[in-house]
Amino acid sequence: MPELPEVETIRRTLAVHITDLRIKDISLKWPSAVSGWRDKDFKELVLGRQILALDRRGKYLLIHLDEEITLIAHMRMTGRLNYYPEPKEPDKHTHVVLTLERGEVHFSDVRKFGRIQAIPTSLCIQESSLSKLGPEPLDPQFTANMLRDRLAKKKVNIKGALLDQHVLAGLGNIYADESLFRAGISPQRPANSLTDEEIKHLHRAIQAVLQAGIDARGTSFRDYRDANGEKGQFEQALQVYGRGGHPCRICGETLERLRLAGRTTVYCPKCQK
DNA sequence: AATCATCCCTGATTGC
DNA sequence: TGCAATCAGGGATGAT
């Protein structure tokens, strides 16, 4: 599932191909995947626009167009944005095809949870779902003290707090589990029970895990692919995610699987306290 | 304000 | 082997 490192990889691989190109045609195979803004529909806002730059906020991909329009895309679990240099027949899960001056972008999603919205750029930050997001974990301005303050009022377990995009933007199930493992913190701990020392470790672990994920071009546990259809390489570096019942790579203890915040959670009962 | 349940979907996995 | 039930999961929404 695309989390911060995967969305960042999609952004980078897509930007190479589509920056500066104009959107010549739009085909909506499943119109529910897109939404416009006020009384203007998606096509009206997007058709003919030129792609200026690609940005990212948390797990949202932002495609800035001219005329002050921005596309906000979210892949949820199985969404993909693929670039094809030559015209290609859309597969059965492709919901939107953007035909560019050169090549096509296909937005597809097996589970139909992913969405693309067209919105005036100036409203991106204030009026969209991006407005309530927590800080960017890899932003130098995101400090351990900031993390401490944001966790201070949270009584839920730390796993649930890390998945809450209002606390921090971009962590999903994979990188939350991996961060907690690296920090040596049990996912069941109440978020507001962490010591300053533990929060420092967690802060460092989050940044290290996300950066390593980006460097490996993401985790392709199942569905994820970048804009070129390539898998990421981070799966082999995973310490806990998807490894419940297997031995801990550090101490050999059997990794435990449980359910927290409605998500499957894997951790090492010996390494994580 | 924080927390929790529900819903959206379909391919893969599990159960009988 | 075949079919049905269950599982997986991010975020919007509404209830508490």
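**DNA contacts and side-chain details in a predicted model**

Me: Which residues surround DNA strand B?

Reply: This is a predicted model, where local features need pLDDT of at least 70, side-chain atom pairs count only at pLDDT 80 or more, and totals for chains, interfaces and linings use all residues. Residues are numbered from 1 along each chain as its sequence is written, chains are lettered from A in the order in which they are written, and side-chain values use heavy atoms, with hydrogens and water left out. A residue is near a strand if one of its heavy atoms lies within 4 Å of it. DNA strand B is surrounded by W30, K92, H93, V110, R111, K112, F113, K153, K154, K155 and V156.

Me: How many of the residues near DNA strand B are charged?

Reply: Asp, Glu, Lys and Arg count as charged; Ala, Val, Leu, Ile, Met, Phe, Trp, Tyr, Cys and Pro count as nonpolar; the others, Gly among them, count as polar. The surface near DNA strand B has 4 nonpolar residues and 1 polar. The number of charged residues is 6.

Me: Which residue has a polar backbone atom 2.7 Å from a phosphate oxygen of DNA strand B?

Reply: A polar contact is a pair of N or O atoms within 3.5 Å; within protein, one must be able to donate a hydrogen and the other to accept it, and residues adjacent in sequence count only if both atoms are side-chain atoms. K154 uses a polar side-chain atom, 3.1 Å from a phosphate oxygen of DNA strand B. V156 places a backbone N or O atom 3.2 Å from a phosphate oxygen of that strand. The residue at 2.7 Å is K155.

Me: Which side chain has an N or O atom 2.9 Å from a base nitrogen of DNA strand C?

Reply: DNA strand C is surrounded by 15 residues, the closest being Y60, R76, M77, R111 and R263. Sugar and phosphate make up 63% of its atoms within 4 Å of the protein. Y60 has a polar side-chain atom 2.6 Å from a phosphate oxygen of DNA strand C, and S129 has one at 3.3 Å from a phosphate oxygen of that strand. The base nitrogen is reached by R111.

Me: Why does Q165 count as buried?

Reply: Q165 is in the loop between α5 (158–163) and α6. Its side chain has a polar atom 2.8 Å from the backbone nitrogen of G170, and the side chain of Q165 also reaches the backbone oxygen of L171 at 2.9 Å. Buried means under 20% relative accessible area, exposed over 50%, partly exposed in between (1.4 Å probe, protein chains only). Q165 counts as buried because its relative accessibility is 18%.

Me: How far apart along the chain are Y175 and F234?

Reply: The structure holds 1 aromatic pair. Y175 and F234 form this pair, stacked at 5.7 Å centre to centre with 20° between the planes; rings of Phe, Tyr and Trp (its six-membered ring) pair if their centres lie within 6.5 Å, and planes under 30 degrees apart count as stacked, over 60 as edge-to-face and the rest as tilted. Both residues are buried. Y175 is in helix α6 and F234 in the loop between α7 and β10, and their separation is 59 residues.

Me: What is the distance between the C-alpha atoms of R12 and R217?

Reply: R12 is in helix α1 (residues 4–18). R12 is partly exposed, with a relative accessible area of 43%. R12 and R217 are 205 residues apart along the chain, and their C-alpha atoms are separated by 9.8 Å.

Definitions and conventions
Helix = DSSP H or I, 4+ residues; strand = E, 2+ residues; numbered from the N terminus.
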